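Work through these exercises with the model in view. Try each task before reading its solution.

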Amino acid sequence: TYNAMQPWRCGKTIVIGILSILRSLSASKSLSPVLLFFACAPVAMAWSLHVGFSMRPCTLRTAKETLTSSSSAISSKRRAWAAMFHMPGGSFRPAGCSSETFDVRYPLRVESKKRAVSVPLACQKQQASSKPSGQRLRRQVEKEMSKGLAQQLGFDGIFPVNKPQNFTSYDVVAKIRSIISRHIRDLNPELSKKGSEIKVGHGGTLDPMATGVLVIGVGSGTRKMDFFTKGRKAYEAVGRFGFFTDTGDAEGKKVGEEHSWQDVTEERLSQVLNSYIGDILQRPPMYSAIKIHGVRAYELARKGIEVEIKPRPVRIHDIKLLRPFAETAPDFHLHVDCGGGTYIRSLISDIALDLGTAAHMTSLVRTQQGRFLLEDCVSVDELEPEKISSCISESMGKL
């Protein structure tokens, strides 16, 4: 093995040897010693520095840490090491090491680790991608072509959709993305399926059983949704007295026993509803999209992991009965005008607790989200490329 001082000792030995030669020549008076020193010393020092910087320290790993020579990574390190020593063919191997156990620590290990730390994580993932660089470049070119073509066709902006029941918000987004992507590929068949996809997103999650306004952003509209969807939201919900569920709605499992609700009157119900108008603290349900330490709450709930969710401040602008309770009991129909972040499921459960009973939500319709109303929405069954483009231009014209 080599150590860090060996190259410098070698250079030192060379300089001492040259000085001894100068001394002998000076004694014989065959050549001026000063002239000979200034002629040879730079050459000797340059050669010694070359040896010092080229012969970097290398050590052999223990047998436990060695890797077989069949590894492609070790082969590439060996070729790089041999190139530093100017060994043609990469045949350098320290004495006493077989080809099966040969392994070296390449000289710039510390420097390469520092560079890896300084590289952003996104760049590291891109460097580690298994896709060839040419394929990634082609995909980027296709994305830019699709983006430009989508803007020319009017697929860039915001429009509201009436989300049907049993559809998730992502299902609606995926369907719209597929329709636009297919239309772009029909106009330019050279584009691949992945290359023809453009950005599509939604401005507020609705539960699968809920219906109503779901704002969709296409292209640059995905960055503008927060501005146009913030503000008030309006819902029409139906609650049913009797028992709680684990999800807070009719799709969940029954929790606990049934509670009596016969002593609930419309007058008592109206009084409780009025007490919720204003700023309140509300605890979101466990089956929600709230992230807890980077994990969605509903994912933890499905695994049976119970985590306490802290109450959050929300604002209720207005809440009232839509129909007389005597005609709809045990159901009660509500109109809720609230701010962002309000969970109607939790609101119905809290109302029932204040009345000394239990309840869960059986129906929910979002009638307003920001500047968008239910009557402005397009049905999912009507979604076609031309319809999407016209809805985007119409909605952006109103905004």
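Helices and strands here are DSSP runs, a helix having at least four residues and a strand at least two, numbered from the N terminus. The model is a predicted one.

**Exercise 1. Place Glu-308 in the chain and decide whether it is buried or exposed.**

Solution.
- Start with the place. Glu-308 sits in the loop between helix H10 (297-302) and E10.
- Now the surface. Its relative accessible area is 67%. The cut-off for exposed is over 50%. Therefore Glu-308 is exposed.
- Last, a distance. Glu-308 and Ala-297 are 11 residues apart along the chain, and their C-alpha atoms are separated by 10.0 Å.

**Exercise 2. Describe the chain as a whole: its secondary structure, its burial and its contacts.**

Solution.
- Count the elements. There are 13 helices and 14 strands.
- Take burial next. The chain has 399 residues, and 38% of them count as buried.
- Turn to the surface. The accessible area is about 23,300 Å², and carbon and sulfur atoms hold 55% of that.
- Finish with contacts. Consider those with a separation of 6 or more: 72% of them join residues 24 or more positions apart.

**Exercise 3. Check whether the span of helix H7 agrees or disagrees with its residue count.**

Solution.
- H7 covers residues 169-187, which is 19 residues.
- The expected span is 1.5 Å times one less than the number of residues. For H7 that gives 27 Å.
- The end C-alpha atoms of H7 are 28 Å apart, so the span agrees.
- Look at burial too. Among the buried residues of H7 are Val-172, Val-173, Ile-176, Arg-177 and His-183.

**Exercise 4. Find which residues of the largest nonpolar core touch the most other members, and which elements supply the core.**

Solution.
- This core has 30 residues. Phe-241, Leu-269, Phe-332, Leu-334 and Ile-351 touch the most other members.
- Each of these elements supplies at least two core residues: strand E4 (233-241), helix H9 (266-275), strand E10 (312-321), strand E11 (331-338), helix H12 (344-354) and strand E12 (359-369).
- H12 gives the largest share, five residues.
- Zoom in on Leu-269. Leave aside its neighbours within four places in sequence. Leu-269 is then in contact with Phe-241, Leu-321, Phe-325, Phe-332, Ile-351 and Leu-355.
- A second, separate core has 23 residues, including Val-173, Ile-184, Val-218 and Leu-383.

**Exercise 5. Decide whether H12 is mostly covered or mostly open, and say what follows it.**

Solution.
- Eight of the 11 residues of H12 are buried, and the helix is mostly covered.
- The buried ones are Ile-344, Arg-345, Ser-346, Leu-347, Ile-348, Ser-349, Ile-351 and Ala-352.
- Gly-356 follows H12, and its phi is positive, near 80°.

**Exercise 6. The structure holds seven salt bridges. Trace three of them and say which parts each one ties together.**

Solution.
- Take Asp-337 and Arg-232. Their side chains meet in a salt bridge at 3.1 Å, N to O. Asp-337 lies in strand E11, while Arg-232 is in the loop between helix H8 (225-229) and E4, so the bridge ties together parts 105 residues apart in sequence. Asp-337 is buried at 12% relative accessible area. Arg-232 is partly exposed at 44%.
- Go on to Arg-240 and Asp-331. This salt bridge is 2.7 Å, N to O. Arg-240 lies in strand E4 and Asp-331 in strand E11, so parts 91 residues apart in sequence are tied together. Arg-240 is partly exposed, at 36% relative accessible area. Asp-331 is buried, at 15%.
- End with Asp-279 and Arg-315, whose salt bridge is 2.6 Å, N to O. Asp-279 is in strand E7 (residues 278-282) and Arg-315 in strand E10, so the tied parts are 36 residues apart in sequence. Asp-279 counts as exposed at 57% relative accessibility. Arg-315 is partly exposed at 44%.

**Exercise 7. Which residues form a nonpolar patch on the surface with Val-141?**

Solution.
- Locate Val-141 in helix H6 (residues 133-153).
- Check its cover. Val-141 has a relative accessible area of 44%, so it is partly exposed.
- Name the partners. Leu-137 and Met-145 join Val-141 in the patch. Together the three have about 270 Å² of accessible area.

Key:
Residues numbered from 1 in each chain as written. Predicted model: local features only at pLDDT ≥ 70, side-chain atom pairs only at ≥ 80, totals over all residues. Heavy atoms only, no water. Buried < 20%, exposed > 50% of the residue type's maximum accessible area, 1.4 Å probe, protein only. Contact = heavy atoms within 4.5 Å. Areas by Shrake-Rupley, 256 points an atom, 1.4 Å probe, with all protein chains shown as cover. Patch = residues over 30% accessible without salt bridge, like charges linked within 9 Å, V, L, I, M, F, W, Y side chains within 5 Å. Salt bridge = Lys/Arg side-chain N within 4 Å of Asp/Glu carboxyl O. Core = buried A, V, L, I, M, F, W, Y, C linked by side-chain atoms within 4.5 Å.
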